[in-house]
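Please open the model in your viewer and keep the sequence panel at hand. The stops below say what to select next and what is to be found there.

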Amino acid sequence: MSIQFVIAVTHLVSRKRPTLVSLVGIALGVAFFLAVSSLMRGSERDFIKRLVDNSPHLTVYDEYRNPQPQPATLRWPDGAVELRRVKPLREVRGIRGHAQKLAFIESLPGLRAAPVLVGSVVLTFAGRSEGVTLNGIVPAKMKGVSTIEDKMTQGSLEALAAHPNGLIIGEGLARKFGLSLGGVVNAVSPAGESRALKVVGIFRTGNAGYDETQTFALLKRAQGLLDRPDRVNRFILQFDDPYVARDVASLIEARIGYKAVSWLEASEDLMSVLLVRNLIMYSVVSAILVVAAFGIYNTISTIVMEKVHDIAILKSMGFHARDVRRIFLAEGVLLGLVGSLLGLGLGLGLMALLVQVEIKPPGATDTVHLPIYWGYDQYLLALGFAMVSAVGAAVLPARKAARVQPVTILRGMG
Amino acid sequence: MNRGPLTPNPSPTRDEGSQWSGPILAAENLGRVLPGEVPVTLVQDVTLDIERGEFVAIMGPSGSGKSSLLYLLGLLDTPTSGRVWLDGRDTSRFGEDELAATRLENLGFVFQFHFLLAEFTVLDNVLLPMRRLGARPEEKARQRAADLLQQFGLGDQGHKRPHQLSGGQRQRVAIARALANDPPVVLADEPTGNLDSRASANVRQILHDLTRELGKTVVAVTHDLTFASAADRRIGIVDGLIAPDWRA
């Protein structure tokens, strides 16, 4: 251990009260920083999780981002004659060769994919009609990409596999129709097909719009009802790490041509709002540490003033100006480091308390826990801010100490 | 220029590898003026040689500039004119770091007030310069510090804090600290100014013995006539000038 460091420690230890006050300042700053940051980041992630997990991370549509060029334009790009009123080829809509394309997507690592045929049908029951969205799904694959399984209040996704004419509806719709599990509704498609479907499951997501308009049936049944045999018009994908969705989207789009939209693209405006919110939050909580830094400045300045004779004697003894500067910078580093570690403990304690808090939002039936983020990046951030504040606070007193001229002090004593 | 100021050729020169045998400390037309609206002259045109092993007392009335001269000789202050030669080296060319390094190895200071670091034990205070220099391993340094304290009758006081010691004891610790890195020159500013007559006599004897037994050079500023009478040479300073016929 260098002698400069030993002197720094001795200065701090021999002035217990100011040292303690400085440490408490930094510790409280770091603890609040962590508590606020973990809450804000936790709620952000909770928000994103709801946003992201209730809808697919990535959806591949049976559309192109840019309209397909007409074959004639490709053949004669400089043609002098323009054909007007050319319409795209009439065909049954859907993703062409979906089996191979799905196989390609499933070969990518860290994701799960499911084919879906989405269409509109009209449900009629007891004289009431409602237009709803029918999702034709493969239950086994759907489990991997959707949280619908967890939202089932009655019945299950597997029941669909067992009942070829099964239908899963939302709680809102069930209430509208007065339907319960086992009830039979009639579904009519725009293609003119009609079929009686039995309710084998009811789900509740908490999103009223979704619960009233979305229904699920077997893919085969939906294909028949919508008169689109062996067609799917969407792939929905779920990733282990939702944040890779953007990159995978462009890869898929480049490879198979169809439009692939990631949740990041779909909610770009929201993501920038969250970023701004984080910036504001971190500037506010860092301000606490800046205030705490004044405590450190005060402590070290006082030590420099009290110890001006020691500094003079050290310099006359042969200590360099930079030795003296190091002593006081080391005091800043020590206060920052010890304060941060105390703050880290205190902050973790606060976070552990916060995570126990249960709140019941007005109008809701379930209590929820405060969402707390435990990521290590915020600890590093808090530590970084605390150290910068602490060392920054030590710079001025350290410079003043390094400039002490021994003769000026000795003359004053003579 | 590796030549002492007052020693004309071909007398002792400091060559590569050989020891400089001229004056250990020399002032050449040394002057120090404090700048300001009314500049204050502290030291004027002082030229003197101090030989190895000499015990020199600098005397003069209060405010005569004798402490200022000592600070200049001790490389603590920078002269406004003239230069200081230490062991044949012209210190006027040294930068701040080199001056500090020179003080660390070649000069030991004893002040009127002991200036021991209050939070450190007596032993640690003596260890400070050795730890900063880092030339001795910790074990050897501790041994030397203990030996020095033993030599000055403080062998059993090493673990105490400075405030637990008497004034005379503290001043002896300060002398031990000044000698820690075994410098050839010890500079003392009123070393007995704050002591009773018994402690003064003790400190005076120690400084005297340093020159006789260890071959150190001691330059002491003093008011104390008894102290001055023990010195080999007395230099009078009045109004910043050497006063050859000054008598207290």
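**A helix and its end in chain A**

Begin at Gly318(A), which takes a positive phi of about 120° just after H13(A); helices here are DSSP runs of H or I with at least four residues, strands are runs of E with at least two, and both are numbered from the N terminus. This is a predicted model, in which local features need pLDDT of at least 70 and side-chain atom pairs count only at pLDDT 80 or more, whereas totals for chains, interfaces and linings use all residues. Residues are numbered from 1 along each chain as its sequence is written, chains are lettered from A and ligands numbered from 1 in the order in which they are written, and side-chain values use heavy atoms, with hydrogens and water left out.

Next select residues 308-317 of chain A, the helix H13(A), where nine of the ten residues are buried (under 20% relative accessible area, with exposed meaning over 50% and partly exposed in between, for a 1.4 Å probe and protein chains only). Among the buried residues are Val308(A), Asp310(A), Lys315(A) and Met317(A).

**Sheets in chain B**

Move to chain B and select S2, S1, S4 and S5, which form an open antiparallel sheet in that order, two strands being paired if DSSP finds at least two bridges between them. S2 (40-50) and S5 (89-90) stand at the edges with a single partner strand each, so one side of each has no neighbour in the sheet. S1(B), residues 25-34, pairs with S2(B) over seven bridges, and Arg32(B) has Val43(B) as its bridge partner in S2(B).

Then select S6(B), residues 107-110, from which Leu107(B) and Phe109(B) point one way and Gly108(B) and Val110(B) the other, all of them buried. S6(B) pairs with S7(B), residues 185-189, in the parallel sense over four bridges, and Leu107(B) stands opposite Val185(B).

**Where the two chains meet**

Finally, show both chains together: 26 residues of chain B are in contact with 27 residues of chain A, contact meaning heavy atoms within 4.5 Å. Which three residues supply the most of the area that chain B buries against chain A? Phe115(B), Glu119(B) and Arg132(B) do, with 28% of that area; buried area is the accessible area (1.4 Å probe) that two parts lose on being put together, summed over both.

Zoom in on Arg15(A) and Glu119(B), which form a salt bridge with their closest N and O atoms 3.3 Å apart (a side-chain nitrogen of Lys or Arg within 4 Å of a carboxyl oxygen of Asp or Glu).
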